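Got the viewer open? Here is a short walk through the model, one selection at a time.

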Amino acid sequence: MLFMGTKKYDAENAADKFASDNDGWINAWTDDSNTNYHFLVENSGLKKMTDIYAQFFISPLLREDSLAREMQAVESEYMMGFSSNFWPEYELMIGLAHPASPYSRFSTGSISTLNRTDIRDKLWEFYDSYYSANLITVAIIGNETLDTLQQWAEEIFTAIPNKEKSKPVFNVLPFPRGDTRYIGREIYYQPKSDKDNLKLIFPVNIPDYPNLSYITYLLGYEGKGSLFQYLSTRGYITALVSSISVEAQNFVLVGVYCDLTEKGLKDPKAIVEALFKFIARVNENGIDEKLWQENKMIDNLKFKFKEKEDPASYASLISSNMAKRDDPRDYLDPPSRRIYNETLEREIMSFISPDNFNFYLSSLKLSVDNKTEYGPALDKEEKWYSTPYANRKMFAEDIENWMTVSLEDDLHLPEENIFIPADFRIIPKEGGDLPVRVNNTEDLTVWWYQDDEFNQPKIYAYCWIQPATPKPDVRSTLLSEMLSGMYTIETSASLYPALSVDYNPAVGFDEQYKDILNFNMLVQGSREDAGADVIAMEMDKFLIKQYETFDASRSTPEGIQLWSDIKLALKKQLEEKPISLSEKASKFNGEIFSPTRDFSKNEKKVAALEEITFDEFVEFFHRYLISDQRRKISSQVYGKQHDVGDEVDPTKGEELITDIIAYRDTLTERFGDSE
């Protein structure tokens, strides 16, 4: 409604039209405690667009003749939520919170809640209660000098009335500890899509937005000794993420989210038990200051070398931080401002406890009518999205068991991260402004480019491997997809520390390029005992070691079960149906512009999947990644790196290149441009 005109700019679409005329847009979002208005325009229109926005908070009209249209827009967004997973799950969660907490209120609105005779009076009442200069924060990003931007801000925003309103707080916590009506609950429900998930939500009831990066780092870690490795190698989960789902002034919700296998769906409490075994290990060790500082160092590197991002999103983020922080030095949220506080970290850890969480299990295999092996009958229906669910109190014996779990040797804190870079020198530029081909043999082509525009001590290296036949069929496509998935799973423990510092050794499969396995690696900084060399050695070791592991396990019960789990997970992925028209259209559109244009591709893959054996997969792995039949490799490298050594081994086909342009010219003479 604020977008619908002000006294100074009274045309109903004045803001939207000016933004469009200046190659931009306007938008706003509301989270659990703030509303954020933001825009993007050409720099020449920045001052006027800023003034147009400021008028929303100085002299809005809240037009009566716009009410019906805007209510219908709210209704349309509400209806769109029926085809998503997020909104039904979110409404279910907040609907089960303490009813006296504002967190429990319907979050989007609909015609049924807004269609009332006094709706415009209620809008003005809300506006007068919260839209006050002392509660508003502003961030402006533009090409002008800081002095000019400050002058504009003072000219434009000073007129916003200061009503001296108090910052709203959640006076009643949504999930008060000890109140088993709202905490210590097991909620089972049916999602919109065929995905089996487990969510464990811990309310951390500490005011003033404590930094929770240490605990989420530990819970979400995927390296050796992690909760993820423990559960995935035992066949319970395929993915695990830990993050903050809600951040309010006096509470934060920390979540652990798991994608489940069939085994995990049948025994989710084994996952909960493993989580508290890991927490017991963390508590036994105490708060590890060295690990805390290492995590801070990693975040600081990412902050220091962060690349340019969308200015509207960045301004939106900064203004949100300003609403939470009192010290201007914290507005950009620099990790360098974090101070180790063992007392606070222990207090945070005290909330990650068996008596202070809710358990949410979602699966289409849960039944409305009957209890199943996966959970109780879903005997209730959520108010706004009609989600079937069951809500019951956790068993006291379960909580007691989780309180007294034994330690597990396979669960431990992360080891020292050897991949943290220390050398960020940038050498003078060599070469031109476009990539050049510097090597071309039967098995290897290398393209190279040295950047001097973004001034980042980073290397981007992309490697494409084509392991399959020149004319791929459904069977070889599936094997390539499975190989890339297995690579990711099997290297996650040893290479996860590299991912945390933005080394990115990832494997993907691209069907458009005839079964090419795509290895992407981002290397940030370097040091003698870390960096790209370490990752390269890990990759080399993996190929041999993993073949030996697969070869040895193909006849063991554990190997056969792993193979069965992988096939089942891939089958579910292939059979997953679009949950919205836009998703279905996107799927069809992608196939229309692909080389195959095969709309029944997934059905063919499912049929072929049933026939593929573990033996066939192991032989495929050996043939295309170990044996002499490996096909062409193409690598592209972008970035800057300091000098390399001058020792080469001709027996390995190595050549010393001292002038890369001259070397490229020799390749032209040897092979010709057409080659």
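Start by selecting R234 and Y230: the charged end of R234 sits over the ring of Y230, 3.7 Å from the ring centre. Keep in mind that you're looking at a predicted model. For another charge-over-ring arrangement, pick K263 and Y236; here K263 lies over the face of Y236, at 4.6 Å from the ring centre.

**On to the sheet**

Now switch to cartoon view and find the open sheet of seven strands, ordered β5-β6-β4-β7-β3-β9-β8 with mixed pairing. Its edges are β5 (237-247) and β8 (380-381), each of which pairs on one side only. Strands of a sheet pair through backbone hydrogen bonds, either parallel or antiparallel. Which way do β3 and β7 run? Select residues 185-189 and 358-362: these two strands run parallel, joined by four bridges. If you want one bridge to zoom in on, try E186, whose partner in β7 is F359.

Next, add residues 268-285. That's helix α11, and it lies across β3, β4 (197-204), β5, β6 (252-260), β7 and β9 (388-393), running at about 40 degrees to β4.

**A helix tucked away**

Select residues 46-55 for helix α2. Eight of its 10 residues are buried, so the helix is largely enclosed by the rest of the structure. The buried ones are L46, M49, T50, D51, I52, Y53, A54 and Q55. To see what covers them, show α1 (14-21), β1 (25-30), β2 (35-40) and α7 (146-157), which are among the covering elements.

One of those buried residues, Y53, also belongs to an aromatic cluster. Show F3, Y37, F39, Y53, F56, F57, W124, F126, Y127, Y130 and Y131 as sticks, and you have a group linked by ring pairs.

**Following the rings**

The structure holds 42 aromatic pairs. Take W87 and Y90: their ring centres are 5.8 Å apart and their planes sit at 85 degrees, so this pair is edge-to-face. Both are in helix α4 (residues 86-95), three residues apart, which puts about one helical turn between them. Is W87 buried or partly exposed? At 29% relative accessibility, W87 counts as partly exposed, while Y90, at 16%, is buried.

From Y90, hop to Y103. Their ring centres are 6.5 Å apart with planes at 85 degrees, so that pair is edge-to-face too. This one links distant parts of the chain: Y90 is in α4, and Y103, 13 residues away, is in the loop between α4 and α5 (111-114). Switch on a surface to finish: Y90 and Y103 are both buried.

Technical notes
Residues numbered from 1 in each chain as written. Predicted model: local features only at pLDDT ≥ 70, side-chain atom pairs only at ≥ 80, totals over all residues. Heavy atoms only, no water. Pairing = 2+ DSSP bridges. Contact = heavy atoms within 4.5 Å. Axes fitted to C-alpha atoms, helices over the stretch in contact; angles between N-to-C directions. Buried < 20%, exposed > 50% of the residue type's maximum accessible area, 1.4 Å probe, protein only. Phe/Tyr/Trp six-rings, centres within 6.5 Å; stacked < 30°, edge-to-face > 60°. Lys NZ or Arg CZ within 6 Å of the ring centre and 35° of its normal.
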